[in-house]
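This report follows the helices of one protein chain, the way they pack against each other, and the nonpolar cores between them. The structure is shown first, and the description comes after it.

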Amino acid sequence: MVDSCVTAGQMDRRRFLLAAGMGAGASGCSRKVERTIKIGILHSMSGTMSVSEAPLRDAALLAVEEINKKGLLGRKIEPIVEDASSDPDRFQSLAEKLLVEDKVCSIFGCWTSVARKRVLPVLEAHNGLLWYPLQYEGNECSRNIIYTGSTPNQQIIPAIDWLHDRGGRRFYLVGSDYVYPKTANRIIRRHLNEIGAAVAGEEYLPLGEQDFEATLKRMMATHADIVFSTVNGDSNLGLYRAFRKIGITAKDVPIMATSMGEAEVRRIGAAWTQGHFATWAYFQSVDQPANRAFVKKFKDRYGDRRVTDDPMEAAYFQVHIWAQAVAKAKRTAVDAVRESVAGMRFDAPEGPIHIDRENRHAWKMWRVGEVQEDGQFKVVHASDGPIDPAPWDQALNSGRSCDWRTGKS
């Protein structure tokens, strides 16, 4: 079938390109013959989230470089990188630009749930597809998003149980002031009540906040034995340094973090974070061939001092998953990719993962890591295998499910 907006002269040119293995674009009907497959990479390279988010761009670009060595549908991937500057409104406007002006076939990006929720109406309006690499609060199921980070049952709930098994009874919840921490803590409160533990206190501070001293002094007054942190971005710097400043050690009251990994430790300093815990699907120290290869390639590309972490790993493997789905569908159209990605498998650095056929979330590993003197995490506990994703927490959303096959959500 010939595109209605392609002239006879352009068809001659297109046949030449196809014969040369260069292909033509599939991201909208354009009078310009596309030699590349355009994708958008949308992250914060500046602002309060940049310490965490900028490395995801590098991981995604590494995957693009790897795929381009062989090509995809006879073409090269052309990444269009945008800096959303830690501003949810800018995420929204740039998503519109990428889909409407640049005509990308998929967007890879976002960190905070606020940014993702600002982008979602744009995706729905233009039938765009976002690949989202972050652990998140669940309670969402969009046909316009492929979720490759962990859901609460893959990260938060098992971490709470692990802490409880080790004697944790009084949890002080500290988070950044936006959607993810507040929803996560609703889930945590319910689960702590079920297992006979208590919330000693709950506080939220603005993204970018650095002064945590008053919060930690209030925490100490409650005799909490765990700080469960959903603090994000460079606010982690303020949290961990405040611990040391007022004389609290990890042995006194350990922090279990859901959004602090190797990239943040590198910025904060191992001396400030040693002995504290984080819960993720992936750590740089995971000892298996796929991860050793990933870490080597990343360091060879960006320098030996750089580190890898969980969101970076997801930002990397989701580009490969997308490419596999495109190759299977033999086209880049959103509807085709959305169908072909169901059940897709990949030998990721964290271990084998696959995309759930019902809800288009990833089956993920779960691990607990303890910060070591060198700034790396020692894996102190891990699941036996990938955990199936449950986007809707049933205690908060009884009976809700996410099944693309039936259209129920």
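Just after helix α5, Gly167 takes a positive phi of about 105°. The model is a predicted one, and the backbone value given for Gly167, like the others in this report, is computed from it. The helix that precedes this glycine, α5 (residues 156-165), is mostly covered, with 8 of its 10 residues buried. The buried positions in α5 are Ile156, Ile157, Pro158, Ala159, Ile160, Trp162, Leu163 and His164.

Gly167 also serves as a reference point for a residue elsewhere in the chain, since its C-alpha atom and that of Lys251 are separated by 13 Å, although the two positions lie 84 residues apart in the numbering sense of being that far apart along the chain. Lys251 has its place in the loop between α8 and β9, and it counts as exposed because its relative accessibility is 83%, above the cut-off of 50%.

**Helix α8 and its surroundings**

The helix that leads into that loop, α8 (residues 235-245), has 8 of its 11 residues buried, so it is largely enclosed by the rest of the structure. Ser235, Asn236, Leu237, Gly238, Leu239, Tyr240, Ala242 and Phe243 are the buried residues of α8, and the elements that cover them include α7 (213-221), β8 (226-230), β9 (255-257), α9 (262-268) and α10 (270-273). After α8 comes Gly247, whose phi is positive, near 85°.

Which residues does Tyr240 touch, when those up to four places away in sequence are not counted? Tyr240 is found in α8, and its contacts of this kind are with Ile255, Ala257, Met260, Ile268, Trp272, Thr273 and His276. Tyr240 is buried, because its relative accessible area of 0% falls under the 20% cut-off. The C-alpha atoms of Tyr240 and Gly269 are separated by 9.4 Å, while the two residues are 29 residues apart along the chain.

**Packing of helix pairs**

Three helix pairs are set side by side in the table, and two of them involve α2 (residues 50-68).

| Helix pair | Crossing angle | Axis separation |
|---|---|---|
| α2 and α12 (residues 310-329) | roughly 30° | within 8 Å |
| α2 and α11 (residues 289-302) | about 100° | 11 Å |
| α3 (residues 88-101) and α4 (residues 113-126) | roughly 30° | within 8 Å |

Because an angle under 35 degrees counts as roughly parallel, α2 and α12 are roughly parallel to each other, and α2 passes α12 in a right-handed crossing. On the α2 side the contact is made by Pro55, Leu56, Ala59, Ala60, Leu62, Ala63, Val64, Glu66 and Ile67, and on the α12 side by Pro311, Met312, Ala315, Tyr316, Val319, His320 and Ala323. By class, the contact of α2 with α12 comprises 14 nonpolar, 1 polar and 1 charged residues.

With α11 the arrangement is another one, as α2 and α11 are roughly perpendicular to each other. Here Asp58, Ala59, Leu61, Leu62, Glu65 and Glu66 of α2 meet Phe294, Lys297, Phe298, Arg301 and Tyr302 of α11, and by class this contact has 6 nonpolar, no polar and 5 charged residues.

The pair α3 and α4 is roughly parallel, and its crossing is right-handed. In this contact Pro88, Asp89, Phe91, Gln92, Ala95, Glu96, Leu99 and Val100 of α3 meet Val114, Ala115, Arg118, Val119, Val122, Leu123 and His126 of α4, which gives 10 nonpolar, 2 polar and 3 charged residues by class.

**Nonpolar cores**

The largest nonpolar core has 69 residues, and Leu42, Ile107, Trp131, Ile321 and Trp322 are those with the most contacts inside it. The largest share of this core, 11 residues, comes from α12. When its neighbours within four places in sequence are left aside, Ile321 is in contact with Trp131, Val341, Met344, Arg345, Phe346, Ile353 and Ile355. A second core, separate from the largest one, has 28 residues, and Phe212, Ala242, Ile248 and Ala257 are among them. Of these, Ala242 is also one of the buried residues of α8, and Ala257 is one of the residues that Tyr240 touches.

Definitions and conventions: Residues are numbered from 1 along each chain as its sequence is written. This is a predicted model: local features need pLDDT of at least 70, side-chain atom pairs count only at pLDDT 80 or more; totals for chains, interfaces and linings use all residues. Side-chain values use heavy atoms; hydrogens and water are left out. Axes are lines fitted to C-alpha atoms, for helices over the stretch in contact, and angles run from 0 to 180 degrees between N-to-C directions. Helices (H or I, at least four residues) and strands (E, at least two) are DSSP runs, numbered from the N terminus. Angles under 35 degrees count as roughly parallel, over 145 as roughly antiparallel, 65 to 115 as roughly perpendicular and the rest as oblique. A crossing is left-handed if the near helix is turned anticlockwise from the far one by less than a right angle, and right-handed if clockwise. Contact means heavy atoms within 4.5 Å. Ala, Val, Leu, Ile, Met, Phe, Trp, Tyr, Cys and Pro count as nonpolar, Asp, Glu, Lys and Arg as charged, and the others, Gly among them, as polar. Buried means under 20% relative accessible area, exposed over 50%, partly exposed in between (1.4 Å probe, protein chains only). A nonpolar core is a set of buried Ala, Val, Leu, Ile, Met, Phe, Trp, Tyr and Cys residues joined through side-chain atoms within 4.5 Å.
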